[in-house]
Amino acid sequence: MGLLIKGGELVTAEGRRRADILVEDERIAAIGTGLTAPANAEVIDARGKLVFPGFIDPHVHIHLPFMATFAKDTHATASRAALVGGTTTYIEMVCPSRGEDALAGYELWKHKAQGNSACDYAFHMAVTRWDEKTEEQLREIVRDGTASFKIFLSYKDFFGVTDEEMFHALKLAAELGVITTAHCENAELVGQLQQELLATGKIGPEWHEPSRPEFVEAEGTTRFATFLEATGAAGYVVHLSCRPALEAALAAKARGVRLWIESVLPHFLLDKTYAEREDVEGMKYVMSPPLRNKRNQPALWHSLEAGSIDTVGTDHCPFDGEQKALGTKAFTQIPNGIPGLEDRVNLMWTYGVKRGRLSEQRFVEALSTQPAKLFGLYPRKGAIEVGADADLVIYDPEYRRTISAATQLTNNDYNGFEGWEIEGRPAVVTVRGKVQVRDGKFVGEQGRGRMLRREPQYFRGETHAS
Ligand code: URP
Ligand code: ZN
Ligand code: ZN
């Protein structure tokens, strides 16, 4: 059955125009005014609504064994949460620990998603150690269509790689033409600072930020950029949180390093005072890099609008109150992470676009089009064009609601944005032409989501200018 979306304002990275969209066989078949519906097609009245390309979250954790526990979502819960929030594709980090086999990990992560997700998905493959076998397996994983790597400069002895391992991973990435995403913090400094703080009785969540100060992230960012320069690889800094790291990344971009920057929802809106709340209330806001002093936020917003921060993800990583309380005796034991997948689009719309910090075009570009381009999904995803997948978000800008854990689909007992007002929501969301959300509610087919396989070569020769 076809679908005709009539009279909406199409908002893309290029601009805004009123038009109808005809969907056939999962794809956009025509865009124009006065389109007529074929027999049996469903007609959706989009007058007074905005129509966006489906949003893409380039950085989520769903299956994640981490810090003596597991992140709470499954693909069933996470994909429903994503869809009601307007995200039609997410890219999950495959994170086997250092002691585990890369290929076995990859197969496990694929198995967890297969048949369970209601939206489309892809993976970034974490390289958590380096040896001959791992190299061979990474080549196989890239051949299978997972054409981006992840490395951690932090989390020593668990996910983290040494400089030597990073060098080898980036050489392989350069050879294969895949982009490498990186968590940039100096693991050695974090470990030393943590021990110093604990030794003087500083055990609460408010000490998490001082254990990973801004210069620790700036150093990691600089080092990653230096290794990209040495290897010729392309890189992407994930969850950049502060001005010194931003300056390090921008300096590298300016000298021609092929580096792109992601910042994530919490760092635009929350600050370190949240993690300074008492006990578990503060622990709920412990993530890495940590929430920073608010003075960093104007630079993040400004760079996002200017296009020097390229994308906005979430680093969605839900742990509930009981899990967070594992860190009651030492902040170093608090599972790091916060959910955000369900609320990214509405919060960036409300506190970015509606507050005049972000243009509609940059909003669409940073939350949809640019992730699609950087990770080999464009123009199938991230665009409203004839031939693109019909992943569409029909957005009601008049809707008003207050965020609450009591009504969320994310599998967690708190929401870091509890009580925040949103000014708009996805009314209807389609995944490859099928309505998965209607009137803001998930009405879809649970296993509809497909793994998106990507060509490794998509990244060859890409520069900031192209
Ligand atoms: O605190 C965070 N960010 N948790 C998830 C793992 C990571 O570093 O991305
Ligand atoms: Zn990280
Ligand atoms: Zn992450």
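**Reading contacts, core and sheet**

Q: Among contacts in the chain between residues at least 6 apart in sequence, what percentage join residues at least 24 apart?

A: The share is 77%, where two residues are in contact if their C-beta atoms, placed from the backbone, lie within 7 Å. The model is predicted, so local features need pLDDT of at least 70 and side-chain atom pairs count only at pLDDT 80 or more, while totals for chains, interfaces and linings use all residues. Residues are numbered from 1 along each chain as its sequence is written, and chains are lettered from A and ligands numbered from 1 in the order in which they are written.

Q: Which residues have the most contacts inside the largest nonpolar core?

A: In soluble globular proteins, nonpolar side chains tend to be buried together. Here the largest nonpolar core (buried Ala, Val, Leu, Ile, Met, Phe, Trp, Tyr and Cys residues joined through C-beta atoms within 7 Å) holds 143 residues, with V51, V237, A249 and I394 having the most contacts inside it. Buried means that 20 or more other C-beta atoms lie within 10 Å of a residue's own; 56% of the 466 residues of the chain qualify. Leaving aside residues up to four places away in sequence, V51 touches I5, G8, E9, L10, V11, I21, A46, L392 and I394.

Q: What is the strand order of the open sheet of eight strands?

A: Strands of a sheet pair through backbone hydrogen bonds, either parallel or antiparallel. In this open sheet the order is β6-β9-β10-β11-β12-β13-β14-β15, with parallel pairing; strands are DSSP E runs of at least two residues, numbered from the N terminus, and they pair if DSSP finds at least two bridges between them. β6 (55-60) and β15 (311-313) are at the edges with a single partner strand each, so one side of each has no neighbour in the sheet. Strands β9 (residues 87-94) and β10 (residues 120-126) pair over six bridges, and V94 stands opposite M125 in β10.

Terms used:
A residue is buried if 20 or more other C-beta atoms lie within 10 Å of its own, exposed if 12 or fewer, and partly exposed in between; C-beta atoms are placed from the backbone. Helices (H or I, at least four residues) and strands (E, at least two) are DSSP runs, numbered from the N terminus.
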